[in-house]
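Subject: Structure handover

Hello,

Here is the structure we talked about. Please open it first, then read my notes below.

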Amino acid sequence: MTTPHNTGPSLLDRMQKYRQYDFVSSSVNASGRLTRMVGLTLEAVGLNVSVGRQCRVVVSGDKEIEAEVVGFHNEKTFLMPVQKVEGLRPGARVIPVESHKNLAMGDHLKGRIVNGLGQPLDGKGTVTDDTKVDLEPSVINPLQRHPISEPLDVGIRAINGLLTVGKGQRIGLFAGSGVGKSVLMGMMTRFTTADIVVVGLIGERGREVKEFVDHILGEEGLKKAIVVAAPADEAPLMRLRAAQLSTRIAEHFRDQGKDVLLLMDSLTRFAQAQREISLAIGEPPATKGYPPSVFSKIPDLVERAGNGDEGGGSITAFYTVLTEGDDLQDPVADASRAILDGHIVLSRQLAEEGIYPAIDVEASISRVMPNVSSPAQMQQAQKFKQLLARYKANKDLIAIGAYARGNDAEIDMAIDKKPELVNYVCQNIGEAAPYLESLASLETLILPTLTNQSSTAGIQPKPNMNNTAQPQATASGPLTGRH
Ligand SMILES: Nc1ncnc2c1ncn2[C@@H]1O[C@H](COP(=O)(O)OP(=O)(O)O)[C@@H](O)[C@H]1O
Ligand SMILES: [Mg+2]
């Protein structure tokens with residue numbers, strides 16, 4: 001029997017009309033009302049949802065915008081819109097959305113350019129795929145991640161040879177603006193042997209996104225790449241989303257057993273987007289205006305890269321860190337240096353000298369290189385750095401002609417080798433430097449200096465000569481055990 005007439009339609013019938021909202025039977029969430037909007041922060045009452053939850057704000061009629069819960073205070077809930085807002089009114093409905101798997105994932109993404117919501121920006125139509133996922137990170141037990149043990153060919157000679165990167169490593173690319181980050185990332189995208197490259201362009205100027213895709217990557221580079229872009233004019237939440245989405249895409253392919261190269265430009269803009277949000281909801285600023293929570297968001301993001309379970313794929317990630325005014329002490333630079341497995345410094349001075357990529361080999365370090373390189377290569381790379389350092393230390397004397405040849409065999413060698421060392425680092429935009437070739441040319445370059453030295457010192461090939469002996473012995477010590 002149906003409900004008697006005098007009590008009206010049954011509860012079920014009455015609830016039917018709310019079906020259009022994502023009220024799922026298991027957890028009914030009441031919608032709230034917008035009470036205030038200051039800057040980008042929306043305040044709503046009547047919501048009982050957790051931080052991070054997606055909501056839809058009804059702008060008018062069927063127009064809605066997406067917003068995310070970023071905090072609360074007593075009964076007030078703070079939200080941030082993901083996209084730009086127009087036409088919001090007091091009292092607008094705020095409807096919590098069930099966590100939904102709405103991100104298309106899969107091979108169709110290759111060659112595409114999407115925004116932080118996974119919507120196409122390249123005018124090539126919607127991204128269609130069978131697999132749908134949500135933005136939640138894919139969880140890996142840290143104890144089950146397989147260790148970094150294999151090198152990844154990134155197609156850049158100086159990195160392959162002198163700062164070898166391992167599959168699953170996370171590296172910072174520290175540089176000021178205009179010293180060649182984008183070009184270097186474009187070269188890596190085109191020349192790496194990784195199965196797929198995910199490029200996150202966070203907070204760049206819109207023009208730069210187009211330039212990167214059209215000129216630096218080109219048709220060829222885009223083939224195995226996926227670009228997620230959120231330029232500077234997007235809402236801060238969209239920029240965060242773009243960083244999360246690019247990481248999510250990388251995780252997806254990693255979980256399929258692929259070797260993924262993730263290039264994020266830039267981690268600084270990600271931190272700044274987080275800063276905008278935290279300040280807007282009233283978190284007090286600390287170091288250089290960054291609220292403390294920013295420094296926990298960086299590891300949250302970065303920790304998601306790395307190797308998968310034993311036998312699975314890997315995410316090798318490069319995060320660019322802007323060192324404004326070439327200030328390496330920037331708080332974001334500081335915080336990221338501590339959690340990354342190495343950093344590559346691009347130097348403005350080298351760029352000004354026309355040395356591209358402007359990698360400052362001495363200032364850069366790959367912390368996993370000993371795990372993925374042979375002792376011989378380690379020794380050669382170290383010698384390379386020593387020769388450069390020796391030259392640099394005496395540069396002024398050499399330049400004014402105050403150094404007389406024959407006074408110091410090491411300095412003589414550094415002077416002789418300087419052009420070749422510079423040549424080794426230089427690499428044209430269109431030139432690929434495969435891993436094995438990079439190693440071979442390093443050996444050709446450095447081996448004569450090593451044997452030369454041992455014969456002058458009267459010692460046989462064992463790298464047991466003067467001041468180079470100590471670091472090498474320690475570097476090769478643990479290595480022999482590993483290989
Ligand atoms: N490998 C290279 N060879 C020649 N020129 C380069 C190279 N890398 C960078 N450049 C020059 O440096 C400029 C700035 O590079 P870009 O990658 O846009 O810098 P960033 O992304 O750090 O702001 C480029 O327009 C180009 O002229
Ligand atoms: Mg750039």
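Leaving aside neighbours within four places in sequence, which residues is M238 in contact with? In this predicted model, the partners are V82, Q83, N115, G116 and A230. M238 itself sits in helix α5. M238 counts as buried because it has 24 C-beta neighbours inside 10 Å, and the cut-off for that class is 20 or more. One further pair is worth a look. G203 is 35 residues from M238 in sequence, yet the two C-alpha atoms are 9.6 Å apart.

Now the overall picture. The protein has 483 residues, and 41% of them count as buried. Its secondary structure consists of 15 helices and 17 strands. Take the contacts with a separation of 6 or more: 70% of them join residues 24 or more positions apart.

Confidence next. Mean pLDDT is 85, and 88% of the residues reach 70 or more. The weak stretch is residues 454-483, where pLDDT is below 50. That stretch still has 34 contacts in the model beyond near neighbours in sequence. Where pLDDT is low, the predicted coordinates should not be read in detail.

The core. The largest nonpolar core holds 120 residues, and L79 and L262 touch the most other members. Helix α5 (residues 236-255) supplies the largest share of this core, with nine residues. Setting aside neighbours within four places in sequence, L79 is in contact with L42, A44, C55, A67, E68, V69, V70 and V94. In soluble globular proteins, nonpolar side chains tend to be buried together.

Strand β12 comes next. All six of its residues are buried, so β12 is largely enclosed by the rest of the structure. A225, V227 and A229 point one way from the strand. I226, V228 and A230 point the other way. A230 is also one of the contacts of M238. β12 pairs with two strands that I checked. With β11 the pairing is parallel, over six bridges. There, V197 has A225 as its bridge partner. With β8 (residues 113-114) the pairing is also parallel, over two bridges. I113 stands opposite V227.

Helix α3. Why is α3 described as largely enclosed by the rest of the structure? Ten of its eleven residues are buried, hence the description. The buried set is K181, S182, L184, M185, G186, M187, M188, T189, R190 and F191. These residues pack against five strands and a helix, as follows:

- β10 (170-175) and β11 (196-202)
- α4 (206-222)
- β12 (225-230), β13 (259-265) and β15 (314-322)

Last, the ligand. Which residues surround ligand 1? The shell consists of A175, S177, G178, V179, G180, K181, S182, V183, Y356, P357 and I429. By class, six are nonpolar, four polar and one charged. Helix α3 (residues 181-191) gives the largest share, three residues. K181 and S182 therefore appear twice in these notes: they are buried in α3, and they belong to the shell around ligand 1.

Where to start? I would open the shell around ligand 1, then follow α3 to the strands it packs against, β12 among them.

Best wishes

Conventions:
Residues numbered from 1 in each chain as written. Chains lettered and ligands numbered in written order. Predicted model: local features only at pLDDT ≥ 70, side-chain atom pairs only at ≥ 80, totals over all residues. Near = placed C-beta within 6 Å. Helix = DSSP H or I, 4+ residues; strand = E, 2+ residues; numbered from the N terminus. Nonpolar A, V, L, I, M, F, W, Y, C, P; charged D, E, K, R; others polar. Core = buried A, V, L, I, M, F, W, Y, C linked by C-beta atoms within 7 Å. Buried ≥ 20, exposed ≤ 12 C-beta atoms within 10 Å, placed from the backbone. Contact = placed C-beta atoms within 7 Å. pLDDT = per-residue confidence, 0-100. Pairing = 2+ DSSP bridges.
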